[in-house]
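Colleague: Could you walk me through how to read a few features in this model?
Modeller: Gladly, let us take them one at a time.

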Amino acid sequence: MFISLWEFFYGHFFRFWMKWLLRQMTGKCELQRIFDTYVGAQRTHRIENSLTYSKNKVLQKATHVVQSEVDKCVDDIMKEKNINPEKDASFKICMKMCLLQITGYKQLYLDVESVRKRPYDSDNLQHEELLMKLWNLLMPTKKLNARISKQWAEIGFQGDDPKTDFRGMGILGLINLVYFSENYTSEAHQILSRSNHPKLGYSYAIVGINLTEMAYSLLKSEALKFHLYNLVPGIPTMEHFHQFYCYLVYEFDKFWFEEEPESIMYFNLYREKFHEKIKGLLLDCNVALTLKV
């Protein structure tokens, strides 16, 4: 109750007068003061909040502009806030980078969501070729005897036809599995081998798809903002999402063997524990979770 009242009064009264007082004292608007005080993800995050909660329509709309309109949007902001480009030459550069990061994050989510909603289609030649590529990357010395085969269990699928395992994450789950196997082949082979451990083993492909869901949910909840704002000085792309997925795969395997679960029946419990660990790391405004091998 108290917190809600404070947020209401702060948002509607105190914030306005505090901003006005600081502008009179410093000669700079809130956006300029943020640029003077903060760097990295903390700067972009505070700029985003300032724009979002501003009563100025030009500033409010700034977080939703498309990439082609960013330069004009920055000029409009400078005009609205009476910022002289000659007196504050760095403002335009910094604001453009922040807007590219802010709007780029929103676009990345839409791009990832679009791929996730695309179901695996066994009649789609590209989908089938991608699935075969996964087998060849993980089992380069062993031939797949048939498209529908019990051999798929060797790389961690549940049934004879992997397409049934992609239902939750669509083609995104397969794309992530292939990306990790192609870009970190030796690590993928190592993890696949470890996943066949007689006591601590787990289904490699199924867990990989599960980690795609984790990466997706963290992106959707905006938990990846600090990570991506620190990592990418501009527009984050699908490549950065795939790289974060690779980090999860590598770290989950280490986590699983360090924890030594009694059985695979406890997977959901340890999966959630790992999820909480990652969410905790992502709360750090200086975070940048990259796979180092």
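Colleague: Let me start with Lys133: is Lys133 buried, partly exposed or exposed?
Modeller: This is a predicted model, so please read every value as computed from it. The idea is to compare the relative accessible area with two cut-offs: under 20% is buried, over 50% is exposed, and partly exposed lies in between. Lys133 has a relative accessible area of 31%, so Lys133 is partly exposed.

Colleague: Which residue forms a salt bridge with Lys133?
Modeller: Glu182 does, and the closest N and O atoms of the two are 2.8 Å apart. The pair links distant parts of the chain, as Lys133 sits in helix α7 (residues 125-138) and Glu182 in helix α8 (residues 170-183), 49 residues apart. Glu182 is partly exposed too, because its relative accessibility is 41%.

Colleague: How many salt bridges does a search of the whole structure find?
Modeller: That search finds 18. Another one of interest is between Arg271 and Glu213, where the closest N and O atoms are 2.4 Å apart. Arg271 belongs to helix α13 and Glu213 to helix α10, so this pair ties together parts that are 58 residues apart in sequence.

Colleague: How do Arg271 and Glu213 stand in terms of burial?
Modeller: Arg271 has a relative accessible area of 11%, so Arg271 is buried. Glu213 has 29% relative accessibility and therefore counts as partly exposed.

Colleague: What about a salt bridge inside one helix?
Modeller: The general idea comes from helix geometry. An α-helix has 3.6 residues a turn, so residues three or four places apart point the same way. Here, Lys279 and Glu276 both lie in helix α13, 3 residues apart, which is about one turn of the helix. They form a salt bridge whose closest N and O atoms are 2.9 Å apart. Lys279 counts as partly exposed because its relative accessibility is 31%, and Glu276 counts as partly exposed because its value is 42%.

Colleague: Which residues are joined into one network by salt bridges that share partners?
Modeller: Glu48, Glu222 and Lys225 are. Glu222 also deserves a look for its backbone.

Colleague: What is the phi of Glu222 near?
Modeller: Phi of Glu222 is near 70°, a positive value in a residue other than glycine. Glu222 comes just after α10, in the loop between α10 and α11 (225-231). With 43% relative accessibility, Glu222 counts as partly exposed. Glu260 is also not a glycine and has a positive phi, of about 50°. Glu260 is placed in the loop between α12 and α13, and Glu260 counts as exposed because its relative accessibility is 54%.

Colleague: Back to α10: how should I read its length and its surroundings?
Modeller: For the length, set the span against the expected rise. Helix α10 (residues 204-220) has 17 residues and reaches 24 Å from its first C-alpha to its last, close to the 24 Å expected at 1.5 Å a residue. For the surroundings, count buried residues: 13 of the 17 in α10 are buried, so the helix is mostly covered.

Colleague: How many residues of helix α2 are buried?
Modeller: In helix α2 (residues 30-37), 6 of the 8 residues are buried, so α2 is largely enclosed by the rest of the structure. The buried residues are Glu30, Leu31, Gln32, Arg33, Ile34 and Phe35.

Colleague: And at the surface, which residues make a nonpolar patch?
Modeller: Ile264, Met265, Tyr266 and Leu269 make a nonpolar surface patch of about 450 Å². Met265 belongs to the loop between α12 (238-259) and α13. With a relative accessible area of 72%, Met265 is exposed.

Colleague: Finally, where is Thr290 found, and with which residues is Thr290 in contact beyond its neighbours within four places in sequence?
Modeller: Thr290 is found in the segment after α13 (267-282). Leaving aside those neighbours, Thr290 is in contact with Leu231 and Tyr247. The side chains of Thr290 and Lys292 are joined by a polar contact of 3.2 Å. Thr290 counts as partly exposed because its relative accessibility is 29%. For a sense of distance, the C-alpha atoms of Thr290 and Leu125 are separated by 33 Å, and the two residues are 165 residues apart along the chain.

Methods. Residues numbered from 1 in each chain as written. Predicted model: local features only at pLDDT ≥ 70, side-chain atom pairs only at ≥ 80, totals over all residues. Heavy atoms only, no water. Helix = DSSP H or I, 4+ residues; strand = E, 2+ residues; numbered from the N terminus. Buried < 20%, exposed > 50% of the residue type's maximum accessible area, 1.4 Å probe, protein only. Contact = heavy atoms within 4.5 Å. Polar contact = N/O pair within 3.5 Å; in protein donor to acceptor, adjacent residues only side chain to side chain. Patch = residues over 30% accessible without salt bridge, like charges linked within 9 Å, V, L, I, M, F, W, Y side chains within 5 Å. Areas by Shrake-Rupley, 256 points an atom, 1.4 Å probe, with all protein chains shown as cover. Salt bridge = Lys/Arg side-chain N within 4 Å of Asp/Glu carboxyl O. Expected span 1.5 Å × (residues − 1).
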